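Q: I would like to learn how to read helix packing and sheet order from a set of coordinates. Could we work through one example together?

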Amino acid sequence: MKKIILMLTLLFVCNALYADNMLVNYFKKWVDETRIESAIGKLLLDRFSADLNSEFQIKEDDKLTQRFLSFLEKCGIKNNVGMNSKVFVIECSIPDEILLPGGILILTRGYLKNAASEEQEDFILARNAFLVFQKQPLAVIKREGIYPKFLDCIKQKEGKRSEESVRELLRTYLAIVGKMNHKKADVQGAMITKFPDKTRLGAIEMLGRFTVKVWPPSPFDTIDLPSRIDELKKIKLPEQNL
C-alpha cells in the first residue's frame with residue numbers, strides 16, 4: 001500500500017513539474033517573441049523616420065503615449081515586458097495611422113485634427129491598442145511570409161544591414177497593414193473606452209468624413225471604410241464602463 005501511495009505521489013509531482021515547465025516555456029516564448037516584435041518595430045520606425053520627406057517632422061507625443069499605454073494595460077499588456085510602445089505624430093495634413101509591431105503607433109496631424117472629441121481620440125488609441133493585444137502586425141507579417149526576412153535582418157548588426165533590404169521590408173509592411181482585422185479592432189477598441197457607445201457613435205461620425213477619391217489617393221482607401229462603418233452601426237455598446 002505504501003508503494004502505491006509513493007508511486008501516486010511521484011506521479012503527481014512529475015505532472016505538476018511538467019505543467020509548471022510548460023507554463024514557464026509558454027511565457028518564455030511569449031516574452032522572446034514580444035522582444036522580437038519590438039525589434040522589428042524599431043527597425044521599421046528607424047527606416048521610416050530616415051526616409052521621411054524632410055518637410056515633415058516626426059516626434060513622440062508624450063500625452064498620447066500615456067493614454068495609449070493606459071489602453072494597452074486595459075488589454076492586459078504591460079510596457080515593461082519587452083515592449084516599447086509609443087505614439088509618434090507626423091506634422092502632415094494627410095490623414096493616416098500606421099501601427100508598427102511592438103506597439104509603435106504613428107499618427108498624422110491630419111488624422112488627429114479629424115478627431116473632434118476626446119471620445120474620437122480614444123477610439124483611435126483604443127482600437128490600435130487592441131490590434132497590439134492581438135499581435136495583428138506580427139500576424140500579417142507571418143501570413144505574408146516575410147517573417148524570416150525580418151529575423152535575418154534583426155540578427156545583423158545595425159551597421160551591416162542593407163538599407164535597401166530594410167526599405168523593401170518597410171514598403172511591403174506598409175502595403176499589408178490593411179489586412180489586419182480592423183473591423184474587430186473598431187468594435188473591441190470602443191468597448192474598452194470609458195463611454196463605449198458614445199465612442200462608437202463618435203467613430204462613425206469621424207470615419208464618415210473620409211471619402212474614397214480616385215486622386216489624390218488616401219491611405220484610408222486601402223481599408224474598407226464603408227464596411228467598418230456598417231459594422232459599428234450594427235451594434236449597441238454599454239453607455240459607460242465602471
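Q: Which residues in helix 2 meet which residues in helix 4?
A: Please keep in mind throughout that this is a predicted model. To read a packing contact, one lists the residues from each helix whose heavy atoms come within 4.5 Å. In this case Leu64, Arg67, Phe68, Phe71 and Leu72 in helix 2 meet Glu118, Glu121, Asp122, Leu125, Ala126, Asn128, Ala129 and Val132 in helix 4. Sorted by class, this contact of helix 2 with helix 4 has eight nonpolar, one polar and four charged residues.

Q: At what angle do the axes of helix 2 and helix 4 cross?
A: Angles under 35 degrees count as roughly parallel, over 145 as roughly antiparallel, 65 to 115 as roughly perpendicular, and the rest as oblique. Here the axes of helix 2 (residues 62-74) and helix 4 cross at roughly 55° and come within 9 Å, which makes helix 2 oblique to helix 4. The crossing in which helix 2 passes helix 4 is right-handed.

Q: How do helix 4 and helix 8 pack, and which residues make the contact?
A: The reading is again one of angle and axis separation: helix 4 (residues 118-133) and helix 8 (residues 182-191) pack at an angle of about 120°, with their axes 8 Å apart. Helix 4 and helix 8 are therefore oblique to each other, and their crossing is right-handed. From helix 4 the contact is made by Phe123, Ala126, Arg127, Phe130 and Leu131, while helix 8 contributes His182, Lys184, Ala185, Asp186, Gln188 and Gly189. By class, the contact of helix 4 with helix 8 has five nonpolar, three polar and three charged residues.

Q: In what order do the strands form the sheet, and which are the edge strands?
A: Strand order is read from the pairing of each strand with its partners, and here four strands form an open sheet in the order 1-2-4-3, with mixed pairing. Strand 1 (58-60) and strand 3 (97-100) are the edge strands, each pairing on one side only, and the twist averages 20° from one strand to the next. Strand 1 pairs with strand 2 (residues 86-90) in the antiparallel sense over three bridges, and Glu60 has Phe88 in strand 2 as its bridge partner.

Q: Where does helix 4 lie relative to the strands?
A: Helix 4 lies across strand 2, strand 3 and strand 4 (104-108), and it runs at about 30° to strand 3.

Q: Where does Asn114 lie, and what does its side chain reach?
A: Asn114 lies in the loop between helix 3 (109-113) and helix 4, and its side chain reaches the backbone oxygen of Gly110 at 2.8 Å. Leaving aside residues up to four places away in sequence, Asn114 touches Pro95, Gln120, Met206, Arg209 and Phe210.

Definitions and conventions:
Residues numbered from 1 in each chain as written. Predicted model: local features only at pLDDT ≥ 70, side-chain atom pairs only at ≥ 80, totals over all residues. Heavy atoms only, no water. Axes fitted to C-alpha atoms, helices over the stretch in contact; angles between N-to-C directions. Helix = DSSP H or I, 4+ residues; strand = E, 2+ residues; numbered from the N terminus. Left-handed = near helix turned anticlockwise from the far one by under 90°. Nonpolar A, V, L, I, M, F, W, Y, C, P; charged D, E, K, R; others polar. Pairing = 2+ DSSP bridges. Polar contact = N/O pair within 3.5 Å; in protein donor to acceptor, adjacent residues only side chain to side chain.
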